[in-house]
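This report covers the main pocket of the structure shown below, followed by some backbone features in its loops.

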Amino acid sequence: MSETHLHSVPSAFFPSFDVLPPRVQTAPFVFSSPHSGRLYPPEFVAISRLDPKTLRRSEDCFVDKLFCPVAELGAPLISARFPRAYLDLNREPYELDPELVGEDLPAHANTQSIRVAGGLGTVARIVADGEEIYPNRLSLESVLDRIEQLYFPFHAELSRLIAQTNEMFGYAVLIDCHSMPSAAMAPGGALRPDIVIGDRFGASSDPRLTLLVRNEFQRRGFKVQLNRPYAGGYITEHHGRPAHGTHALQLEINRGLYMNEMTFEPNNGYTALAKALDEIVRCLFAEVPTLLDFRAAAE
């Protein structure tokens with residue numbers, strides 16, 4: 001495997017994220033969509049062995065659009081502009097794959113994680129269905145450029161939004177929004193629920209919040225599982241500090257509910273899902289303050 005050099009991140013990826021702010025933040029929530037970026041510039045496609053449609057198999061299609069109404073309801077939404085196939089924000093900054101990079105990796109790189117072993121490190125080697133993204137190894141410089149120029153700015157802004165929310169309300173709730181392949185598209189065809197809520201098995205969120213979110217979905221007829229098969233990735237793990245007033249949940253939505261997974265187009269269920277999400281968010285905004293407002297409890 002020879003080595004591909006790409007010394008600069010495509011200009012199309014700047015800014016690396018969009019923030020949809022509320023006119024006035026009235027809810028102690030922050031929403032993030034780290035995997036819905038849909039820009040596939042020619043520079044990226046040129047060094048990949050895959051076409052843009054195949055690269056999109058790792059994308060959380062339309063998740064940012066499904067959640068953009070939260071800004072009108074009083075909470076910010078941050079979403080990545082670049083695709084997950086280019087850089088995965090739901091990883092540690094340096095989960096690096098020795099099989100992908102053509103040089104020795106820095107000592108601080110985590111080369112042993114399960115995600116790296118599966119080809120899905122910070123810079124992925126494969127798309128979601130297992131196809132190799134690149135015909136050649138990448139230079140270490142190009143990989144580090146992606147992390148410095150895209151990863152760290154996104155996470156700095158996400159941390160700022162959470163800190164700002166914490167300052168305003170005395171606590172903060174992060175909802176990290178994702179989508180997952182339906183049963184038909186999942187490896188092995190195993191039946192998938194409609195919704196998976198991850199709270200790192202209770203470590204990243206007050207359990208009352210987790211159950212409230214689960215109950216709101218179940219009340220509307222959704223099949224919900226907790227922590228299986230997704231307990232929450234780096235973002236949930238890193239930001240979820242219930243003892244310090246920051247709660248984080250990862251929300252996975254079955255793509256079959258709202259899109260055609262072959263054509264990447266919304267299906268007939270999109271409008272109904274969007275309506276349900278709007279209702280659920282409104283309920284959470286109304287109910288969570290009485291559930292989690294530590295300042296009110298202390299006064």
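In this predicted model, the largest pocket is lined by 37 residues. Those nearest its centre are R84, R91, L120, Y230 and E252. Three elements give two or more residues to the lining of this pocket: α5 (114-117), β6 (172-180) and β9 (246-254). Of these, β6 supplies the largest share, three residues. By class, the lining of the largest pocket holds 15 charged, 13 nonpolar and nine polar residues. The volume of the largest pocket is about 900 Å³.

The backbone has some features to note in the loops. Two peptide bonds are cis: one joins F14 and P15, with omega about -5°, and another joins R228 and P229, with omega about 5°. P15 sits in the loop between β1 (3-4) and β2 (17-20), while P229 is found in the loop between β8 (224-226) and α8 (234-239).

Positive phi values occur in residues other than glycine at F62 and at F264. The table gives their values and places.

| Residue | Phi | Loop |
|---|---|---|
| F62 | near 65° | between α2 (52-55) and α3 (63-67) |
| F264 | near 60° | between β10 (259-260) and β11 (265-266) |

Are these two phenylalanines buried or exposed? The cut-off for buried is under 20% relative accessible area. F62 has a relative accessible area of 13%, so F62 counts as buried. F264 has a relative accessible area of 11% and is therefore buried.

Key: Residues are numbered from 1 along each chain as its sequence is written. This is a predicted model: local features need pLDDT of at least 70, side-chain atom pairs count only at pLDDT 80 or more; totals for chains, interfaces and linings use all residues. Side-chain values use heavy atoms; hydrogens and water are left out. On a 1 Å grid over the protein atoms alone, a cavity is a set of points where a 1.4 Å probe fits but cannot get out, and a pocket is an open set with protein on both sides within 12 Å along at least five of seven lines; lining residues have an atom within 4 Å of a point. Grid points are joined across faces, edges and corners, and a volume is the space filled by probe spheres set on the points. Helices (H or I, at least four residues) and strands (E, at least two) are DSSP runs, numbered from the N terminus. Ala, Val, Leu, Ile, Met, Phe, Trp, Tyr, Cys and Pro count as nonpolar, Asp, Glu, Lys and Arg as charged, and the others, Gly among them, as polar. Buried means under 20% relative accessible area, exposed over 50%, partly exposed in between (1.4 Å probe, protein chains only).
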